[in-house]
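Thanks for coming. I have one structure to go through today, and I'll put it up now.

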Amino acid sequence: MDVIIPALKPTCVSRHVLNSINRYLKPRRILVITADQRRCESFTRMASGVECLIEDKIFPNLTHAHVSRYFRQAHGMKARYDSDFGDTRAGWYFQQFLKMGVSQHLPNLSEHYLVWDSDMVILRPMEVLRGNKTVVQIGGHILPTYDATYRRLFGVAPASYYDNNKQKSFIAHNMVVYKPYMRELLENLSRRYGDSDSWPYHIMDQAGAGVGRESMPMYGFSEYSTYISWVKQHYPESQYILPSQRWRRDPLDIVNRLTHVIGGPSDAWQVCCPQPW
C-alpha cells in the first residue's frame, strides 16, 4: 500500500513521521507532495522508501495559485486571511484536493492508499485493513460547516457515528482510500460542471456558501469526513469502523507557534520537535 502525505515543509517532526510509518506500516512507498525540488530533496533524505512529488504537477490544470485565486473570487473578504496563520486558506484546501485527486492523476498508485497528515507520528502497530475491509478511525473535530457543505454537495446529511452516546467525527487525520470509490465520488461531484476535473471548484463554491454558523469558508470542507461518509452511505460493507478513538493530538506548543508566526524566517524548518508523551 502507498502512503500519501502532502507536506508544507520538512521539519524535525517530518523525520519522526516518515520513520514511524516505515517501522509500523511497512508501506510500498511513501509519496510526499510538497512545493518545490529543494524541499523534496530534504524529505527523501529523511527515510527509506520516500518519493517526492511537486504539488503543482499533480493536476493537469490546477495549482496552488489557481485555488487561491478562485477561492478569493468565490468568497471575497471571508476568504482573505487564515484566522490562525495570517495567510490565505488556499493551501489548506489544496492539500485536501491533492489527497483526493491522486486517485485520478497518479499512475501506478496502489489500489488502496493511505492518506496521512504530515504531523502525525505512529507509536505502535496500526491496523489499516481488516480482511477486505478498510479500517476507519474515529474522533476529531465536529464542525457544522463540514456537515453543511456535505449536504450542499450531495443533498443528504453526512454519515454519523456514536461512541458511548457521544457523536464522533471521522476526522482522524488519516484514512485508507479505495481508489475506485474515490474516483466515483469525484465523478459524482463533477457531473454538475461537465468536466472530470471540475470537482475542486464545485467544493470551493459550496464551502461556506450558507448563512450564520454554516458560513465559514475558512473551515468549509473536510476530505476525511466527506470520503468516509460517502463510502459509509454507498458501500458500508467495505468499512470496519473502530469502536473507540485510538489516537490523540498534543496541544500545540505556544512558543513554537509564535516562532512560526512571528519570528520564524521562511527557511526556519526546525521550529518544532516531538516531545515525550
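When I say that residues pack against or touch something, I mean contact, that is, heavy atoms within 4.5 Å. With that, α5: its buried residues pack against α4, α6, α7 and α8. The residues in question are T145, Y146, A148, T149, Y150, L153 and F154. Right after α5 comes G155, with a positive phi near 80°.

I should say early that this is a predicted model.

The overall picture, briefly. The protein chain has nine helices and 10 strands. It runs to 277 residues, and 51% of them are buried. Take the contacts with a separation of 6 or more: 77% of those join residues 24 or more positions apart. The accessible surface is about 13,600 Å², and carbon and sulfur atoms hold 50% of that.

Now to α6, one of the helices that α5 packs against. Helix α6 covers residues 179-190, 12 residues in total, and spans 16 Å from first C-alpha to last, close to the 16 Å expected. Which of its residues are buried? They are K179, Y181, M182, L185, L186, L189 and S190. The cover over these buried residues includes helices α4, α5, α7 and α8, and also strands β4 and β9. For orientation on the sequence, β4 is 112-116 and β9 is 174-178.

Next, the cores. In soluble globular proteins, nonpolar side chains tend to be buried together. Here the largest nonpolar core has 49 residues, and the members that touch the most others are F97 and Y227. Helix α4 gives this core its largest share, seven residues. There is also a second, separate core of 27 residues, with I5, V50, L114 and M120 among them.

Let me stay with Y227 for a moment. What does Y227 contact, once neighbours within four places in sequence are set aside? The list is M175, V176, V177, Y178, Y181, M182 and L185. Of these, Y181, M182 and L185 also appear among the buried residues of α6.

One helix pair to show: α3, residues 64-75, and α7. Their axes come within 9 Å and cross at roughly 35°. The crossing of α3 over α7 is right-handed. On the α3 side, the residues at this meeting are H66, V67, Y70, F71, A74 and H75, and on the α7 side they are Y201, M204 and D205.

Just ahead of α3 is a loop that starts after β3, and T63 sits in this loop. Is T63 buried or exposed? T63 has 18% relative accessibility, and the cut-off for buried is under 20%, so T63 counts as buried. Beyond four places in sequence, T63 touches D56 and F94.

Compare that with W92, in helix α4. W92 comes out at 21% relative accessibility, so this residue counts as partly exposed. Leaving out residues up to four places away, W92 touches Y146, M218, Y219, G220 and F221. Y146 is one of the buried residues of α5. As for F221, the separation from W92 is 129 residues in sequence, and 9.8 Å in space, C-alpha to C-alpha.

A second long-range example is A7, in the loop between β1 and α1. A7 is buried, at 9% relative accessible area. A7 and Q95 are 88 residues apart along the chain, with their C-alpha atoms separated by 8.1 Å. Apart from residues up to four places away, A7 touches V32, I33, T34, F43 and S118.

Last, some backbone angles. Most residues other than glycine have a negative phi. Which residues go the other way here? K26 has a phi near 50°, positive in a residue other than glycine. N108 is not a glycine either, and its phi is positive at about 65°. K26 lies in the loop between α1 and β2, and N108 in the loop between α4 and β4. K26 has a relative accessible area of 64% and is therefore exposed. N108 is exposed as well, with a relative accessible area of 64%.

That is what I have. I'll leave the model on screen for discussion.

How values were computed
Residues numbered from 1 in each chain as written. Predicted model: local features only at pLDDT ≥ 70, side-chain atom pairs only at ≥ 80, totals over all residues. Heavy atoms only, no water. Helix = DSSP H or I, 4+ residues; strand = E, 2+ residues; numbered from the N terminus. Buried < 20%, exposed > 50% of the residue type's maximum accessible area, 1.4 Å probe, protein only. Areas by Shrake-Rupley, 256 points an atom, 1.4 Å probe, with all protein chains shown as cover. Expected span 1.5 Å × (residues − 1). Core = buried A, V, L, I, M, F, W, Y, C linked by side-chain atoms within 4.5 Å. Axes fitted to C-alpha atoms, helices over the stretch in contact; angles between N-to-C directions. Left-handed = near helix turned anticlockwise from the far one by under 90°.
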